[in-house]
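Me: Could you take a close look at the aromatic side chains in this model for me, and then walk outward to the other side-chain pairings? I would like the geometry together with the burial, in one connected account.

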Amino acid sequence: MTYEMHITSADPAWARFNIFLTLVGYDAHGVQCAVQTAEDRVRDVDATGRTPMAVPAGGKGATRKVKIAIGDCARAEAFVSVVAHSLPHSTRVDPSAEFEATLTAFAGGRELFSHNYVVNPWGGLSIAGLGLNG
């Protein structure tokens, strides 16, 4: 079975984060049979240590999406790291609010789940060993 996954967010703060995705596939006997990684890195920071808010491809308000897929496997595990590349635009908590990113997984073209995760503006998001079973 083919497994696919993507993570998206339309929040402007999403432009500050590097995104790393890994899918590990296993055969029916539990032996690793595939590994695929994908990353989407933001541009370097300016002299203030902050990344200027980039306009996503597709224009203002467009969603930045990172995708990954692996081939024929019985099951898969997903690993997601959303890592802050720069500081929030403010050191005050209120304007540096948490925001949501949506992780969606598919098996054989069928959606397994679509879940909103909270991204911390300082610490990002980490998901390890999320089981995907078609």
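Reply: Happy to; what follows starts at the aromatic rings and then moves on to charges, a polar contact and the cysteines. Please keep in mind that this is a predicted model.

Let's begin with the rings. Searching the whole structure turns up 2 aromatic pairs. One of them joins W14 and F99, whose ring centres lie 6.1 Å apart with 85 degrees between the planes, an edge-to-face arrangement. This pair bridges distant parts of the chain: W14 belongs to the loop between β1 and β2, while F99 is in strand β6, 85 residues away. W14 and F99 are both buried.

F99 also pairs with F17. Here the centres are 5.6 Å apart and the planes meet at 65 degrees, so this pair too is edge-to-face, given that an angle over 60 degrees counts as such. Again distant parts of the chain are linked, with F17 in strand β2 and F99 in strand β6, 82 residues apart. F17 is buried, as is F99. Taken together, W14, F17 and F99 make up one aromatic cluster.

A15 is worth a look here as well. It is placed in the loop between β1 (3-9) and β2 (17-26), and its relative accessibility of 13% makes it buried. Its C-alpha atom is 9.8 Å from that of S86, although the two residues are 71 positions apart along the chain.

One further ring has a charge for company. The charged end of R75 sits over the ring of Y26, at 4.3 Å from the ring centre.

Strand β6 can be followed further, too. T104 lies in this strand, which covers residues 99-107. With 6% relative accessibility, T104 is buried. Its side chain makes a polar contact with the side chain of S114, at 3.0 Å. If neighbours within four places in sequence are set aside, T104 is in contact with E4, M5, H6, E111, F113 and S114.

Now for the opposite charges. Side chains of opposite charge can pair when their charged atoms come close. In the whole structure, the search finds 1 salt bridge. It is formed by the side chains of R41 and E39, with 2.7 Å from N to O. R41 has a relative accessible area of 52% and is therefore exposed. E39, at 48%, counts as partly exposed. The two values fall on either side of the 50% cut-off, so the labels for R41 and E39 differ.

Last come the cysteines. A disulfide is a covalent bond between the sulfur atoms of two cysteines. The structure holds 0 disulfides. Why is C33 not bonded to C73? The closest cysteine sulfur to that of C33 is the one in C73, and at 3.1 Å it is too far for a bond, because the cut-off is 2.5 Å. Seen from the other side, C73 is in no disulfide either, with the sulfur of C33 as its nearest cysteine sulfur. The surroundings of the two can be read from their accessibility: C33 is partly exposed at 38%, whereas C73 is buried at 4%.

To return to your request, the aromatic part comes down to one cluster of W14, F17 and F99.

Key
Residues are numbered from 1 along each chain as its sequence is written. This is a predicted model: local features need pLDDT of at least 70, side-chain atom pairs count only at pLDDT 80 or more; totals for chains, interfaces and linings use all residues. Side-chain values use heavy atoms; hydrogens and water are left out. Buried means under 20% relative accessible area, exposed over 50%, partly exposed in between (1.4 Å probe, protein chains only). Helices (H or I, at least four residues) and strands (E, at least two) are DSSP runs, numbered from the N terminus. A polar contact is a pair of N or O atoms within 3.5 Å; within protein, one must be able to donate a hydrogen and the other to accept it, and residues adjacent in sequence count only if both atoms are side-chain atoms. Contact means heavy atoms within 4.5 Å. A salt bridge is a side-chain nitrogen of Lys or Arg within 4 Å of a carboxyl oxygen of Asp or Glu. Rings of Phe, Tyr and Trp (its six-membered ring) pair if their centres lie within 6.5 Å; planes under 30 degrees apart count as stacked, over 60 as edge-to-face and the rest as tilted. A charge sits over a ring if NZ of Lys or CZ of Arg is within 6 Å of the ring centre and within 35 degrees of the ring normal.
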